[in-house]
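Welcome, and thanks for taking a look at this one. Please open the structure alongside the text and follow the residues as they come up.

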Amino acid sequence: MAVRPIALIGAPVLREKAKKVHSFDDDLQVLAEDMLETMRQAYGIGLAAPQVSVSKQVIVVELPEEYKEVEPLSGKPLVFINPEIIKSSREEVSGEEGCLSIPGYVGEVWRSKWIVVRALDKNGKKFRLKAKDLLARVIQHEIDHLHGVLYIDRIESPDKLWKVDREAKTEREGILENVALA
Ligand code: NI
């Protein structure tokens, strides 16, 4: 496993539409492992392949273990290949998000409260997952990355985006007081 450099805002790859994965080969396994490693090292809770300059439809998500009472899938590395949101709640909730590709900023973004996502696992097996709240938020944030969309595109007004003067230095701060860093 290796930590890869994170593409920062301004990098064209972050604005491209990521390509579908058709081959579940060793390269894909290495990519998924490296993405998890890169995400953890930056104390993020999600990462999309374009953020490591790979324009493929791969996202990883891992909520901190201590979030388990709220979300049972916390502490488990989740890998989604070619993910698609097939259903989403009409109800939207506002929450704070940061992006590992936009360091030093946090913004308030509206997202569906719950979603159903369809994807393939890293072996190419189909699965569906219903996710709510923080998990749903991170998955929506990451799937946006696959379409070249950044959370700042969804900010309603400039006062909903602000600077943070510290970087996340612990796992807890990866969810900076309930900010999803992804
Ligand atoms: Ni992001």
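The report below walks through a metal site, a few side-chain contacts, the ring interactions and some backbone details.

## The model and its nickel site

Please keep in mind that this is a predicted model. A good place to begin is the nickel ion. Its protein donors are the SG atom of Cys99, the NE2 atoms of His141 and His145, and the backbone-type atom O of Ala182, lying 2.1 to 2.4 Å from the ion. Along the sequence, these donor residues follow the spacing C-x41-H-x3-H-x36-A.

What is the geometry of the site with its 4 donor atoms? The angles among them run from 94 to 146°, and the site is irregular. The reason lies in the upper end of that range: four donors count as tetrahedral only if all angles lie between 85 and 135 degrees, so a range reaching 146° does not qualify.

The two histidines share an element. His141 and His145 both sit in helix α2, which covers residues 133-146, and at 4 residues apart they are separated by about one turn of the helix. Both histidines are buried.

## Arg137 and Glu97

Helix α2 also holds Arg137. Is this arginine buried or exposed? With a relative accessible area of 7%, Arg137 is buried, because the cut-off for that class is under 20%. A polar atom of the Arg137 side chain lies 2.9 Å from the backbone oxygen of Val93. Beyond residues up to four places away in sequence, Arg137 touches Val93, Ser94, Gly95, Glu96, Glu97, Val109, Arg111 and Ala180.

Glu97, one of those contacts, belongs to strand β4, residues 92-99. Its relative accessibility is 0%, so Glu97 counts as buried. Which side chain does the side chain of Glu97 meet in a polar contact? The partner is the side chain of Arg111, at 2.8 Å. With neighbours within four places in sequence left aside, the contacts of Glu97 include Tyr105, Val106, Gly107, Tyr151 and Val179, and also the nickel donor His141. For a sense of the fold around this strand residue, the C-alpha atoms of Glu97 and Leu161 are separated by 9.5 Å, while the two residues are 64 apart along the chain.

## Rings and a charge over a ring

The count of aromatic pairs comes to 1. The ring centres of Phe80 and Phe127 are 5.6 Å apart and the planes meet at 45°, so the pair is tilted. This pair links distant parts of the chain, with Phe80 in strand β3 (residues 78-88) and Phe127 in strand β7 (residues 126-132), 47 residues apart. The two partners fall into separate accessibility classes: Phe80 is buried at 1%, whereas Phe127 is partly exposed at 25%.

Another ring has a charged neighbour. Lys130 lies over the face of Trp114, at 4.2 Å from the ring centre.

## Positive phi values

Most residues other than glycine have a negative phi. Which residues have a positive value here? Ser53 has a phi of about 65°, and Asn82 has a phi near 50°; neither is a glycine.

Their surroundings can be compared by eye. Ser53 is in the loop between β1 (46-48) and β2, and it is partly exposed at 48% relative accessibility. Asn82 is in strand β3, and with a relative accessible area of 11% it is buried.

## Glu65 and Asp34

Two acidic residues round off the tour. Glu65 is found in the loop between β2 (58-61) and β3, where it is partly exposed with a relative accessible area of 47%. How far apart in space are the C-alpha atoms of Glu65 and Lys76? The distance is 7.8 Å, and the two residues are 11 apart in sequence.

Asp34 lies in helix α1, residues 26-41. At 7% relative accessibility, Asp34 counts as buried. Apart from neighbours within four places in sequence, Asp34 is in contact with Met1, Ala2 and Arg4.

Methods
Residues numbered from 1 in each chain as written. Predicted model: local features only at pLDDT ≥ 70, side-chain atom pairs only at ≥ 80, totals over all residues. Heavy atoms only, no water. Phe/Tyr/Trp six-rings, centres within 6.5 Å; stacked < 30°, edge-to-face > 60°. Buried < 20%, exposed > 50% of the residue type's maximum accessible area, 1.4 Å probe, protein only. Lys NZ or Arg CZ within 6 Å of the ring centre and 35° of its normal. Donors = N, O, S within 2.8 Å, 3.2 Å for Na, K, Ca; no water. Tetrahedral: all angles 85-135°; square planar, octahedral: opposite > 155°, others 65-115°. Polar contact = N/O pair within 3.5 Å; in protein donor to acceptor, adjacent residues only side chain to side chain. Contact = heavy atoms within 4.5 Å.
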